[in-house]
Structures are given as C-alpha cells and as structure tokens.
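Here is a short, friendly tour to read with the structure open beside you. Feel free to rotate the view and follow along.

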Amino acid sequence: MSAPSLVERDRAALWHPATHFGDLERVPPLAIVEARGAWLTEESGRRILDGIGSWWTSVHGHAHPRIVAAIQDQVARLDHVMFAGFTHAPAVELAERLLELGPREPDADAPFYGKVFYSDCGSASIEVALKLSYQSRVLRGQTNKRRFAALQNSYHGETLGALSVCGSPAWREPFGALLSDALYLPTPEPARHEHEDLDFRGPCPELGADSPEAERAVATLEAHADELTALIVEPLIQCAGRMRMPGVGFYRRLAAACRRLDIHLIADEIAVGFGRTGRLFASEWAELAPDLLCLSKGLSGGALPLAATLIRAGFEADFHGGPERSFAHSHTFTGNPITCAAALASLAVFDEEQTLARLPERIEAMAWLRRELAERHPQVVAHRQAGLVAAFVVDRARGPADGRLGLALREAAMARDVLLRPLHDALYWMPPLNVGPDELERLALVTSEIIDEVLPR
Ligand SMILES: *Cc1c(COP(=O)(O)O)cnc(C)c1O
C-alpha cells in the first residue's frame with residue numbers, strides 16, 4: 001500500500017478557511033512546495049501564475065530576496081520577546097517609518113500619526129481601532145457615543161467585533177445574534193461610479209462626491225452623530241465586496257463629515273495599503289487623514305502575519321493618567337521582531353526598486369488590457385480599476401446552472417495554470433506590484449478564455 005498523499009493527509013487533519021467541505025472533492029487543495037515572484041510551484045512541478053497575490057498579500061512577489069534575508073538575519077539574533085515591558089530595534093524602526101510615511105494633511109509639516117499599535121492579523125488591527133475609539137469616548141465621559149457606522153457591502157474581518165461592522169449581511173448572518181448593532185450607510189454602485197476616468201498619476205476628480213448615496217450617508221451621520229463613536233471605511237476599494245469602487249469624492253465627503261461631527265474615521269487599508277491604489281496608502285487620495293488607520297496583508301510584503309493600527313498624534317492624551325485609563329488590549333505576539341524586520345525590508349524594497357514610481361506604467365498596461373478584454377466580451381457587464389486592481393463583473397445569467405459561477409471560473413483558470421479566485425460574478429486581478437508585462441498579458445489571455453468557456457456568448 002502506498003503512503004497517503006499530502007492532500008489525503010490534509011483532508012484527514014485540516015479545516016481550511018473559506019472552504020466548504022462539500023467542495024473538497026471538486027477542488028482539493030493544491031500542495032505548493034515553492035513560490036517565487038508571481039509564481040507558485042506545485043508538488044508535481046507545475047507552475048501557477050498567482051493573479052491575486054495570495055489573497056492580496058504579495059507586494060513585491062513571493063520570496064523577495066531582500067525580505068528573505070531580513071527574516072533570516074533577524075531570526076538568528078532575536079526571534080521573539082514579549083512586548084509588554086520590552087522593546088527592540090525592528091519594532092521601533094518600523095513604527096518610526098510608518099509614522100513618517102503615513103498619510104498627511106495638505107500643508108501640514110508634522111506627521112499626522114503619532115503612535116503605532118501592533119497586532120498580528122487584519123481583524124485584530126480592526127479590533128484595536130474599534131476599542132481605541134470606544135474607550136477614548138468612555139475616558140472623555142462621552143458615554144452616549146458607543147455605536148459604530150460602516151458602509152454597506154464592506155468587509156473588515158471575521159472576529160466578532162470586526163464582523164459587527166461588516167456591511168454585507170451574508171457575512172454577519174450566521175453570527176447575527178452575537179454582533180453589536182452598527183449603522184450601515186449607503187455606498188455608490190459601481191455601474192455609476194467607474195474609475196475609468198481616474199488618472200492615478202494626476203489630480204483626482206471628485207468621483208462619487210455628489211452621488212445620492214453620499215447625500216444619504218452624510219445625512220445619516222448627521223442624524224446619528226450623538227451616538228456614533230466612529231465610522232469605518234475601506235478607502236477607494238471594497239475588495240471583498242466584489243471590488244466595488246465607490247469613488248474618492250465619496251470618501252472625501254465622508255471624511256469631512258466625520259471631522260465636522262466628532263466621529264472618528266477609521267480607515268481599513270488592510271487590502272489597499274502599500275501601493276495597491278497607486279500611492280503608498282489609499283487615504284493619500286483624500287484630503288483629510290483618518291484618525292485610525294489599519295494595516296496588515298502587504299505590511300510585511302506578504303511574507304509573515306503582522307498588523308498595525310496607526311493612531312492620530314494626540315489621540316493618546318485621554319489614555320494618560322491613572323492605570324485605570326490604560327488601553328485594555330493585548331496580543332501575545334505583539335510586535336514580533338521577525339515580522340517587523342520583514343516589514344522594514346519590504347519598505348526598503350519600495351525605495352530601492354522605485355516601486356511606486358514604476359507603478360503608473362503597469363497601471364496603464366493593466367488598464368489597456370482591461371478595456372480591451374471588456375470590449376471583446378459581451379459577457380462582461382461592468383469593469384473597473386483603481387491602481388493595480390482591475391475587476392470585471394460578468395453576466396450571472398449566463399453562468400452555470402448550479403449557481404457556482406465563481407467556482408467554475410476559478411477551476412477553468414486553474415486548468416490553465418493561473419490562480420484567480422472570483423468573488424461570485426466579479427473576476428479580478430491583483431498581482432504583485434512588480435508584475436511583468438508578460439505575466440499581465442497571460443492573466444488577460446486566460447481571463448478571456450475562461451469567460452468564454454464558462455459563460456457562453
Ligand atoms: C483581509 C481583510 C481583513 C481581515 O484581515 P485578516 O488578516 O484576514 O484578519 C479586514 N479588512 C479588509 C479590508 C481585508 O481585506
């Protein structure tokens with residue numbers, strides 16, 4: 001009898017995220033042994049083009065030598081030390097870099113952010129932001145400000161606090177009884193707010209600012225300002241929400257309303273931070289900086305789990321005083337040195353490889369392929385792009401009878417050695433920022449083929 005394969009042993013021992021047991025027969029997990037740049041290598045030797053940066057984490061590609069070397073160097077010297085009562089150079093240097101690089105307000109000479117709180121996944125960085133906002137209200141005696149606002153169709157993670165501010169009922173529903181009661185604001189529809197006309201190299205139009213949704217969202221904030229402690233927003237792209245792109249103008253209006261109404265603005269840049277939208281942080285496209293800014297996914301270049309919440313300078317003032325005023329929150333692996341060293345290396349790569357300066361060319365190439373693909377396929381009913389994220393909404397009505405459109409597209413792409421993981425009817429590309437022209441063309445070619453295969457003309 002031959003020994004069981006890795007996939008068989010996986011089946012016996014593991015429970016995977018975002019995976020139905022019923023689908024394991026149809027799409028068993030692939031055993032990956034190596035990853036380099038935009039490519040994954042399977043046990044069998046097959047190479048797969050990673051078109052979605054392994055769930056939006058891969059910024060400079062897999063196993064960037066600079067990041068690998070930084071991790072090796074760090075682990076050999078200091079693997080971990082608890083972060084209550086201790087500190088170390090990687091955590092301090094990374095915090096200094098993030099504060100220096102964080103979004104600023106026009107004409108301000110000082111950095112907008114003054115403190116960094118580390119955690120170890122995106123959801124945890126959201127919990128930190130929500131709790132900081134709420135506890136600061138308690139400390140100020142603003143005890144009626146205990147509710148959060150979020151956008152419809154938003155996604156902020158899976159822990160119960162983060163789930164409470166997910167604006168999509170599908171995520172909340174299974175745990176509805178356990179969640180706190182957030183207020184959900186209308187979000188412009190992509191069909192009316194294409195980023196088509198956004199020039200991500202130059203000044204940004206007021207896309208979405210005068211939409212009816214913006215009017216209603218601001219009116220709702222005004223009506224509930226007394227009870228709201230914070231509004232949480234994914235700037236520019238609601239990634240998990242089928243890559244909906246509500247517009248920079250919409251974001252700016254919300255930011256201005258929050259400032260005027262004493263509602264904290266929390267930016268969830270877990271997916272859009274680190275160059276995705278053409279600038280280091282998506283909030284740089286707005287004129288007002290958010291009070292709290294959450295980072296994870298691309299923070300370590302995608303190599304290790306690390307998250308950070310950036311906190312407006314001065315925000316901590318309410319937490320000074322007696323011990324009862326300290327922020328009641330901790331994670332065991334807060335500020336792990338290896339993960340911080342990886343993040344510092346990733347930021348160094350941005351400098352050394354001029355990643356942001358070289359982005360417009362790649363964004364342009366992606367835009368050209370996107371438009372061309374959309375024009376040639378009547379099955380594409382909407383398409384959009386912000387920075388190096390492009391999405392195509394396809395006509396569900398032409399999809400498979402079992403309704404598993406996203407899964408069928410994913411399988412068809414994998415049969416062509418490309419990793420795509422559509423969100424229902426929204427196919428998207430989110431490759432590493434240094435993706436090559438041939439790799440982009442391969443993505444476009446395969447996308448075109450699978451649309452024709454899965455959705456008959
Ligand atoms: C991935 C993601 C999260 C959650 O991050 P985890 O590390 O999976 O907990 C939260 N918000 C956004 C916008 C995300 O894309």
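The report below starts at the ligand and then moves on to a helix, some backbone angles, the cysteines and a loop proline. Please keep in mind that this is a predicted model.

## Around the ligand

Let us begin with the residues that surround the ligand. From the earlier part of the chain come Trp56, Cys121, Gly122, Ser123, Tyr155, His156 and Gly157, and these are joined by Glu234, Asp268, Ile270, Ala271 and Lys297. By character, this shell divides into 5 nonpolar, 4 polar and 3 charged residues.

Several polar atoms are worth picking out on your screen. An oxygen atom of the ligand lies 2.8 Å from a backbone N or O atom of Gly122. In the side chain of Asp268, an N or O atom is 2.6 Å from a nitrogen atom of the ligand. Lys297 also takes part, with a polar side-chain atom 2.6 Å from an oxygen atom of the ligand. The ligand taken alone exposes 380 Å², and the protein buries 83% of that.

## Ser296, beside Lys297

Ser296 is found in the loop that runs between β9 (292–295) and β10 (307–312). With a relative accessible area of 8%, Ser296 is buried, because buried means under 20%. Its side chain reaches the backbone oxygen of Leu306 at 2.9 Å.

Which residues is Ser296 in contact with, leaving aside neighbours within four places in sequence? They are Cys121, Gly122, Ile270, Leu306 and Ala307. Among the residues surrounding the ligand are Cys121, Gly122 and Ile270.

## A mostly covered helix

Next comes helix α12, which spans residues 405–414 and has 8 of its 10 residues buried. The buried residues are Leu405, Gly406, Leu407, Ala408 and Leu409, followed by Ala412, Ala413 and Met414.

What covers the buried residues of α12? The cover includes the strands β3 (47–50), β12 (389–394), β13 (418–419) and β14 (426–429), along with helix α13 (437–454).

## Positive phi angles

Two residues are worth a look for their backbone angles. Trp55 is not a glycine, yet it has a positive phi of about 60°. Trp55 sits in helix α2 (residues 53–56), and at 42% relative accessibility it counts as partly exposed.

Arg242, likewise a residue other than glycine, has a positive phi near 60°. You will find Arg242 in the loop between β7 (228–233) and α9 (248–261).

## Cysteines without disulfides

How many disulfides does a search of the whole structure find? The count is 0. For Cys166, the nearest cysteine sulfur belongs to Cys294 and is 13 Å away. Cys166 is also buried, at 0% relative accessibility.

Why is Cys294 not bonded to Cys121? The sulfur of Cys121 is the closest cysteine sulfur to that of Cys294, but at 11 Å it is too far for a bond, because a disulfide needs sulfur atoms within 2.5 Å. Cys294, too, counts as buried at 0% relative accessibility.

## A loop proline

Our last stop is Pro378, in the loop between α11 (355–376) and β11 (380–386). Is Pro378 buried or partly exposed? Its relative accessible area of 45% makes it partly exposed.

Not counting residues up to four places away in sequence, Pro378 touches Arg398 and Arg457. Pro378 and Ile451 are 73 residues apart along the chain, and their C-alpha atoms are separated by 9.9 Å.

How values were computed: Residues are numbered from 1 along each chain as its sequence is written. This is a predicted model: local features need pLDDT of at least 70, side-chain atom pairs count only at pLDDT 80 or more; totals for chains, interfaces and linings use all residues. Side-chain values use heavy atoms; hydrogens and water are left out. A residue is near a molecule or strand if one of its heavy atoms lies within 4 Å of it. A polar contact is a pair of N or O atoms within 3.5 Å; within protein, one must be able to donate a hydrogen and the other to accept it, and residues adjacent in sequence count only if both atoms are side-chain atoms. Accessible areas come from the Shrake-Rupley method with a 1.4 Å probe; for residues, only the protein chains shown count as cover. Ala, Val, Leu, Ile, Met, Phe, Trp, Tyr, Cys and Pro count as nonpolar, Asp, Glu, Lys and Arg as charged, and the others, Gly among them, as polar. Buried means under 20% relative accessible area, exposed over 50%, partly exposed in between (1.4 Å probe, protein chains only). Helices (H or I, at least four residues) and strands (E, at least two) are DSSP runs, numbered from the N terminus. Contact means heavy atoms within 4.5 Å.
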